[in-house]
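Hi everyone, thanks for coming. I'd like to walk you through one structure today, so please pull it up and follow along with me.

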Amino acid sequence: MQLDLGQKIRELRRRDGRTQEALAEAIGVTSQAVSRWEANGGYPDMEMIPSIANYFGISIDELFGYDDERTKRIDELVEKINEYLANK
């Protein structure tokens, strides 16, 4: 899986109608840092990840794009369990 954190940050920021400056101020970095992340010129420090996720009201998993994978795996397991129970 390719990490496309910068694109995800940009999508979330646009979803909420927020500027790079607003995000930067909220998490204590410069707007240039946010711009660099969104242009895939670097990544936020690991200490910033929880703050970024909280700012957008999502989990860290969602920020890294793992939510869909988890949901698919859960759905597959539920389907297998239902099939097993139906065949008993």
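Let's begin in the middle. The largest nonpolar core has 18 residues. By nonpolar core I mean a set of buried Ala, Val, Leu, Ile, Met, Phe, Trp, Tyr and Cys residues joined through side-chain atoms within 4.5 Å. Buried means under 20% relative accessible area, exposed means over 50%, and partly exposed is in between, with a 1.4 Å probe and protein chains only. Ile9, Leu23, Trp37, Ile52, Phe56 and Leu63 are the residues with the most contacts inside this core. Four elements give two or more residues each: α1 (5-15), α2 (20-27), α3 (31-38) and α4 (49-56). The largest share, 5 residues, comes from α4.

A quick word on where this comes from: it is a predicted model, in which local features need pLDDT of at least 70 and side-chain atom pairs count only at pLDDT 80 or more, while totals for chains, interfaces and linings use all residues. Residues are numbered from 1 along each chain as its sequence is written, and side-chain values use heavy atoms, with hydrogens and water left out.

Now click on Leu63. What does Leu63 touch, not counting residues up to four places away in sequence? The list is Leu5, Lys8, Ile9, Leu12, Ile49, Ile52, Ala53 and Ile58. A contact here means heavy atoms within 4.5 Å.

Let's zoom out to the whole chain. The protein chain has 6 helices and 0 strands, so from the N terminus on the elements read α-α-α-α-α-α. Helices (H or I, at least four residues) and strands (E, at least two) are DSSP runs, numbered from the N terminus. The radius of gyration of the chain is 17 Å, well over the 12 Å that the globule rule gives for 88 residues, so the chain is more spread out than a compact globule. That radius is taken over C-alpha atoms, and the rule is 2.2 Å times the number of residues to the power 0.38. Along the principal axes, the C-alpha atoms fill a box of roughly 60 × 20 × 20 Å. Of the 88 residues, 25% are buried. Among contacts between residues at least 6 apart in sequence, 58% join residues at least 24 apart.

Next, a residue I like: Arg13, in helix α1. Is Arg13 buried or exposed? With a relative accessibility of 9%, Arg13 counts as buried. Leaving out residues up to four places away in sequence, Arg13 touches Arg18, Thr19, Gln20, Glu38 and Phe56.

Glu38 deserves a closer look. Side chains of opposite charge can pair when their charged atoms come close. Arg13 and Glu38 form a salt bridge, with the closest N and O atoms 2.6 Å apart. The term means a side-chain nitrogen of Lys or Arg within 4 Å of a carboxyl oxygen of Asp or Glu. This pair links distant parts of the chain, since Arg13 is in helix α1 and Glu38 in helix α3, 25 residues apart. Both Arg13 and Glu38 are buried.

How many salt bridges does a search of the whole structure find? There are 3. Arg15 and Asp16 meet in one of them, at 2.7 Å from N to O. Asp16 also forms a salt bridge with Arg18, where the closest N and O atoms are 4.0 Å apart. Sharing partners in this way, Arg15, Asp16 and Arg18 are joined into one network. Asp16 is partly exposed at 30% relative accessibility, and Arg18 is partly exposed at 31%.

Let's move to the loop between α3 and α4, where we find Asn40. Most residues other than glycine have a negative phi. Asn40 is not a glycine, yet has a positive phi of about 60 degrees. At 47% relative accessibility, Asn40 counts as partly exposed. Glu47 is found in the loop between α3 and α4 too, and is exposed at 65%.

Last stop, the surface. Leu77, Ile81, Tyr84 and Leu85 make a nonpolar surface patch of about 440 Å². Patches are made of residues with over 30% relative accessible area and no salt bridge: like charges are joined within 9 Å, and nonpolar side chains (Val, Leu, Ile, Met, Phe, Trp, Tyr) within 5 Å. Accessible areas come from the Shrake-Rupley method with a 1.4 Å probe; for residues, only the protein chains shown count as cover. Leu77 sits in helix α6 (residues 67-86) and is exposed, at 53%.

Thanks for listening!
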